[in-house]
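Trainee: Before I use this model, could we go through the words we attach to it? I would like to see how each label is earned.

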Amino acid sequence: MNTPLLEVRNLRVQFPTRRGLLTAVDDVSLTIAPGEVLGVVGESGAGKSLTGAAIIGLLEPPGRIESGEILLNGRRIDNLSPEEFRKIRGREIGAIFQDPLTSLNPLYTIGRQITETILTHLNVTPDEAKQRAIDLLNEVGIPAADKRIDHYPHQFSGGMRQRVVISLALAAQPKLIIADEPTTALDVSIQAQIITLLKKLCREHGTSVMLVTHDMGVIAETADRVAVMYAGRIAEIGPVAEVIHHPQHPYTVGLMGAIPNLGEEVERLTQIDGSMPRLNAIPAGCAFNPRCTRKGEIGARCTTERPSLMNAGKTQAACWLYSEGVATNTTNTPQSVAA
Amino acid sequence: MLAFIIRRLLQSVLVMLTVGFIAFSLFNFVGDPVSLMLPPEATQADRDDVRKSLGLDQPFYVQFGTFLGNAVQGNFGISLRLGRPVSQLLAERLPATLELAMTAAVFGLLVGIPMGVYTALKRDKWTSKVLLTGSLVGVSLPNFLIGIFLILIFAVWLGWLPSFGRGETTAIGFWTTGFLTTEGLKAIILPAITLGFYPITLIMRLVRAEMLEVLRTDYIKFARARGLTNNAVHFGHALKNTLVPVITITGLQLGAIIAFAIITETVFQWPGMGLLFIQAVQFADIPVMAAYLCLIGFIFVVVNLVVDLLYFAVDPRLRVERSGSGGH
């Protein structure tokens, strides 16, 4: 693989609370290549959105990056001053959030919001910015863009607003977009349109995407690779087809089994018993061990020693089942980097 | 929007009718005006004559109608204490009160909004905490006490500013203004601060609370994610979204400032309507009290109407019918 566009090394995000430190993202390492779409899936509270927020420098205090590094094009960005980080946001890393209904300021026309973003980052005249805004709106499929540019957010439907949000994220041509649940708030029929649009635009612009979602359907449709997160850690990461069709980590296996398939008649969906541990009660060893159906095959190691990512088939899984093939890919093994 | 204005106007008329009715019933609470006007030895026939000539033998709704008819034309009768038309008295006093109230309101906005923004943005700074604690004092200290303190410090000890009156005034048509002379300007400072103290603290706390709320919204988060500068996020996006409630409260406060200038005017012997009203209360000068009540009611209604119209200027979501036609 060539130099990754984004490299996250051993990221740990913590929240100081009255009852001590909560580690919401624990030792997460991942890379995104130029033009690649990385899906990040997991249940609520698995730390996927926080990972995205940390990358874009928008962790809400008191949450903070406790350790680890984030590199964009080989340049470390997690230790930048707020002002330097601001210049990266929008310009090099764009973001799309879950709810298009609330992502736009209701008091300003969409045109003003787009040109404002362009003028902040690019050295153009207001007229050029406006023209560019109209082009962007055309590109995201908003009809009569030259008129619609003077409309307010409430005059657009949810799907249209998410298109506006996408145009805003792309306004200054960032190389990476963090899309945090971009379709969750939309109707199913609109979801497909938005995903198709996002995929098309990113392909055309060569933009990489970190697609955070809990919707495996969206991931299967869009992503090149996928990272499955559980209790703040990456449980499994690999090419999307492999993870979906040949999941290796017992959690991923359970997750895939729990997805209803339209084409097949299944008596019962499988389910994973129990629930994800709370952040203040993550068990020792593998975080998944209390729910794991294959714990018996390994023995005590699961409950005492924490597994890191290991080569497992064509993916990498953080599971002792694969301990004989400990991963050699340096970018994804915490230990080798930490050393 | 037109329908909205008409609806609000109708509501305003209803409010004014109610206020008028209350003002009208004041007359009936202080005894029979006929026995007040006639000497004790007057005969029953004399009394009936006077009663008839004053229209007091009519049923009350006819009397109320006459009262309203006169009130609409600005005729509130003759002051019992001063023997002059009430409308004339109020018109003389109105400029003083309005100038004081406006200065206090502008002062409240100019100081209150920046302080609110500051305390919201620099939440953890000690200066914010000092301001917040100080504002509690402002909210809870009674008006007259602040006025007396100010007089003590700036008029008695330091001798910088006058302690009472309006200074020299200039007449422009029917309006007398104190803004054109140094004396007048100096005279308005202390009463305006006194009157503006509560609005400042109120507006500051309100702006702060609203700002904190708005700063948590998704569109602010998204504005940050777009890499906008802090100034653009805070003042371009956040502040404007806090304005609707601020306008509401400021509008209501403006009415309240005018209405409750009574105390400040008394402390500073400011020759406004409030002082007139206090004196009227002491003399049971019912026509003045009734007229004052109606006027204050009217000012509240007008201010609220203006506030409603300002919403349209601030929030495009309310203008939907008008701007929607510009599309396709």
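Mentor: Happily; what follows is a set of questions on a predicted model, each answered from its computed values.

Trainee: Let's start with Pro95(B). Why is Pro95(B) called buried or exposed?

Mentor: Count the neighbours. Pro95(B) has 21 other C-beta atoms within 10 Å. The label "buried" calls for 20 or more, so Pro95(B) is buried. Pro95(B) sits in helix H5 (residues 86-121) of chain B.

Trainee: Which residues does Pro95(B) touch, leaving out those up to four places away in sequence?

Mentor: Pro95(B) touches Trp175(B), Thr176(B) and Thr177(B). Phe235(B), on the other hand, lies 35 Å from Pro95(B), C-alpha to C-alpha, with their positions 140 residues apart in sequence.

Trainee: Now Ala144(A) and Gln269(B). What makes the phi of Ala144(A) worth a remark?

Mentor: The phi of Ala144(A) is near 50°, a positive value in a residue other than glycine. Ala144(A) belongs to the loop between helix H5 (126-139) and helix H6 (145-148) of chain A. Gln269(B) is not a glycine either, and its phi is positive, at about 45°. The loop that holds Gln269(B) runs between helix H11 (261-267) and helix H12 (273-282) of chain B.

Trainee: How do you know which exposure label Ala144(A) gets, and which one Gln269(B) gets?

Mentor: Ala144(A) has 12 other C-beta atoms within 10 Å; "exposed" means 12 or fewer, so Ala144(A) is exposed. Gln269(B) has 13 C-beta neighbours inside 10 Å. That value falls between the two cut-offs, so Gln269(B) counts as partly exposed.

Trainee: How do you know that the peptide bond between Pro61(A) and Pro62(A) is cis?

Mentor: From its omega, which is about 5°. Pro62(A) is in the loop between helix H1 (48-55) and strand S4 (64-72) of chain A.

Trainee: On to the sheet. What makes S6 and S11 of chain A edge strands?

Mentor: First the layout: in chain A, eight strands form an open sheet with mixed pairing, in the order S6-S7-S8-S3-S9-S10-S12-S11. Strand S6 (93-96) and strand S11 (310-312) of chain A each pair on one side only, and these are the edge strands. From one strand to the next, the twist averages 20°.

Trainee: And how do you know that S9 and S10 of chain A are paired?

Mentor: At least two bridges are needed. Six bridges join strand S9 (residues 225-230) to strand S10 (residues 233-239) of chain A, so the two strands pair, and they run antiparallel. Among the bridge partners, Met229(A) is matched with Ile234(A) in S10(A). Helix H7 (residues 158-170) of chain A packs on the sheet, where it touches S6 and strand S7 (176-180) of chain A. The direction of H7 makes about 170° with that of S6(A).

Trainee: Which residues have the most contacts inside the largest nonpolar core?

Mentor: Met210(A), Leu211(A), Val228(A) and Ile234(A), in a core of 164 residues. Helix H8 (residues 182-215) of chain B gives the most to this core, 15 residues. Beyond its sequence neighbours within four places, Leu211(A) has contacts that include Val37(A), Leu38(A), Ala179(A) and Ile219(A).

Trainee: Last one: how many residues of each chain are in contact with the other?

Mentor: 27 residues of chain A are in contact with 22 residues of chain B. H4(A) gives the largest share of chain A's side, four residues. By class, that side has 10 nonpolar, 10 polar and seven charged residues.

Definitions and conventions:
Residues are numbered from 1 along each chain as its sequence is written. Chains are lettered from A and ligands numbered from 1 in the order in which they are written. This is a predicted model: local features need pLDDT of at least 70, side-chain atom pairs count only at pLDDT 80 or more; totals for chains, interfaces and linings use all residues. Two residues are in contact if their C-beta atoms, placed from the backbone, lie within 7 Å. Ala, Val, Leu, Ile, Met, Phe, Trp, Tyr, Cys and Pro count as nonpolar, Asp, Glu, Lys and Arg as charged, and the others, Gly among them, as polar. Axes are lines fitted to C-alpha atoms, for helices over the stretch in contact, and angles run from 0 to 180 degrees between N-to-C directions. A nonpolar core is a set of buried Ala, Val, Leu, Ile, Met, Phe, Trp, Tyr and Cys residues joined through C-beta atoms within 7 Å.
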